[in-house]
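Morning, everyone. I have one structure for you today, and a few minutes to walk through it. Let's put it on the screen.

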Amino acid sequence: MTTRTIDLNADVGEGSPHDAELIPLVTSANIACGAHAGDEQTMNAAARLAIDAGVAIGAHPGHADREHFGRRELPIAPDEAASLVANQYSRLVAVVERCGGAVRYIKPHGGLYHQAGRDPDIAAAIAGCVAQLADGLALLAQPGSALEAAARKAGVPFYAEAFADRLYQADGTLAPRSLAGAVLTDPAAAAGQAVSLATRGEAATLDGPAIPVRCDSLCLHGDGPHAAAIAAAVRSALQGAGVSIRSFTGSETG
């Protein structure tokens with residue numbers, strides 16, 4: 001019998017006090033690169049935690065919009081998006097390499113993530129940039145997105161992401177955070193969503209039946225007050241369901 005394998009990724013290095021608890025519970029750490037959140041000190045701290053825990057490190061570049069935590073979609077030209085990703089990636093690489101680690105993948109953040117997921121020109125610019133930054137550098141984003149199509153065309157390794165702590169809409173997009181119930185803050189609810197995604201490939205929607213969602217990795221947001229509790233519940237539930245937890249870079253941790 002084939003055992004289902006899934007990666008757990010978390011957004012970290014964003015100034016949350018929970019990183020030290022959260023990072024050892026996941027297999028991939030998306031480290032903020034000092035634009036939407038964080039600075040060299042938080043990047044260094046998150047990188048050291050990840051390296052010590054054997055957790056894969058990814059860059060998490062976003063709009064330099066700290067007031068809105070990078071979650072707003074801001075006007076940006078494709079070449080500007082590529083430069084934003086390249087500059088933030090390079091900033092993180094310098095920190096991570098000083099710690100003795102390596103950056104394995106890129107996952108855009110917030111508004112940039114959603115723009116690249118919809119806009120083929122922005123997606124192509126980012127994928128082309130990633131292809132030039134380092135051999136084997138991967139992209140992590142939503143399945144079926146413009147970013148996946150661009151990554152495939154550019155020969156960039158792509159991994160599909162689903163969200164354990166968010167509900168979806170019937171069309172497969174995430175339910176907006178402004179809607180009540182869109183963000184799962186109860187660890188048991190997030191654990192249930194994670195098991196459904198990992199074992200059945202299904203996600204709950206806000207106001208309808210479950211929908212199919214392909215995924216290699218499950219995201220856990222690191223900025224909420226219950227982030228560590230949610231990660232612990234998700235990890236425990238997945239292991240209880242017979243799911244092997246392994247980074248898409250190949251490191252098995254449970």
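Start with the charges: Asp11, Lys107 and Glu161 are linked in a network of salt bridges. Keep in mind that this is a predicted model. The whole structure holds 9 salt bridges.

Asp11 gives us a way into the sheet. This residue stands opposite Asn30 in strand S2. S2 covers residues 28-32, and S1 pairs with S2 in the parallel sense over 4 bridges. S1 itself runs over residues 5-12.

What else does S1 pair with? One partner is S9, residues 217-220, again parallel, over 4 bridges. There, Asp7 has Ser217 in S9 as its bridge partner. Another partner is S10, residues 244-245, also in the parallel sense, with 2 bridges. Ile6 stands opposite Ile245 in that strand.

How many of the 8 residues in S1 are buried? The count is 7, so the strand is mostly covered, given that buried means under 20% relative accessible area.

Back to the salt bridges. Glu148 is a good one to look at. On one side, the side chains of Glu148 and Arg152 meet at 2.9 Å, N to O. Both lie in helix H6, residues 146-154. They sit 4 residues apart, about one turn of the helix.

On the other side, Glu148 meets Arg214 in a salt bridge, also given as 2.9 Å, N to O. Where do these two lie? Glu148 is in helix H6, while Arg214 is in the loop between strand S8 (211-212) and S9. So the pair ties together parts that are 66 residues apart in sequence.

Buried or exposed, then, for Glu148? Buried: its relative accessibility is 8%, and the cut-off is under 20%. Arg152 is partly exposed, with a relative accessible area of 48%. Arg214 is partly exposed too, at 44%.

One more charged pair. Arg200 and Glu202 meet in a salt bridge at 3.9 Å, N to O. Here Arg200 is exposed, with a relative accessible area of 53%. Glu202, at 32%, counts as partly exposed.

Now the core. In soluble globular proteins, nonpolar side chains tend to be buried together. Here the largest nonpolar core has 75 residues. Which of them touch the most other members? Ile31, Leu92, Ile126, Leu139, Leu218 and Leu238. Helix H3, residues 78-98, gives the largest share of this core, with 10 residues.

Zoom in on Ile31. Leaving out residues up to four places away in sequence, Ile31 touches Val12, Met43, Ala46, Ala47 and Ile57, among others. The list also includes Gly58, Ala59, His60 and Leu92.

On to the rings. A search of the whole structure finds 3 aromatic pairs. Take Tyr105 and Phe248. They pair edge-to-face, 5.0 Å centre to centre, with 75 degrees between the planes. Tyr105 is in strand S4, residues 103-106, and Phe248 is in the segment after S10. That links distant parts of the chain, 143 residues apart. Both rings belong to buried residues.

Next, Tyr113 and Phe163. This pair is edge-to-face as well, 6.2 Å centre to centre, at 90 degrees between the planes. Tyr113 lies in helix H4, residues 110-118, and Phe163 in strand S6, residues 158-163. So this pair ties together parts that are 50 residues apart in sequence. Tyr113 is buried, and so is Phe163.

There is a cluster, too. Tyr105, Tyr159 and Phe248 form one aromatic cluster.

Last, the overall view. The chain has 8 helices and 10 strands. Of its 254 residues, 53% are buried. Take the contacts with a separation of 6 or more: 68% of them join residues 24 or more positions apart.

How does the radius of gyration fit a compact globule? For 254 residues, such a globule would be near 18 Å; the chain has 17 Å, which agrees. The C-alpha trace spans about 40 × 40 × 40 Å along its principal axes.

To recap the threads: S1 pairs with S2, with S9 and with S10. Glu148 has salt bridges to Arg152 and to Arg214. Tyr105 and Phe248 link distant parts of the chain. Over to you for discussion.

Notes:
Residues are numbered from 1 along each chain as its sequence is written. This is a predicted model: local features need pLDDT of at least 70, side-chain atom pairs count only at pLDDT 80 or more; totals for chains, interfaces and linings use all residues. Side-chain values use heavy atoms; hydrogens and water are left out. Buried means under 20% relative accessible area, exposed over 50%, partly exposed in between (1.4 Å probe, protein chains only). Two strands pair if DSSP finds at least two bridges between them. A nonpolar core is a set of buried Ala, Val, Leu, Ile, Met, Phe, Trp, Tyr and Cys residues joined through side-chain atoms within 4.5 Å. Contact means heavy atoms within 4.5 Å. A salt bridge is a side-chain nitrogen of Lys or Arg within 4 Å of a carboxyl oxygen of Asp or Glu. Rings of Phe, Tyr and Trp (its six-membered ring) pair if their centres lie within 6.5 Å; planes under 30 degrees apart count as stacked, over 60 as edge-to-face and the rest as tilted. The radius of gyration is taken over C-alpha atoms; the globule rule is 2.2 Å times the number of residues to the power 0.38.
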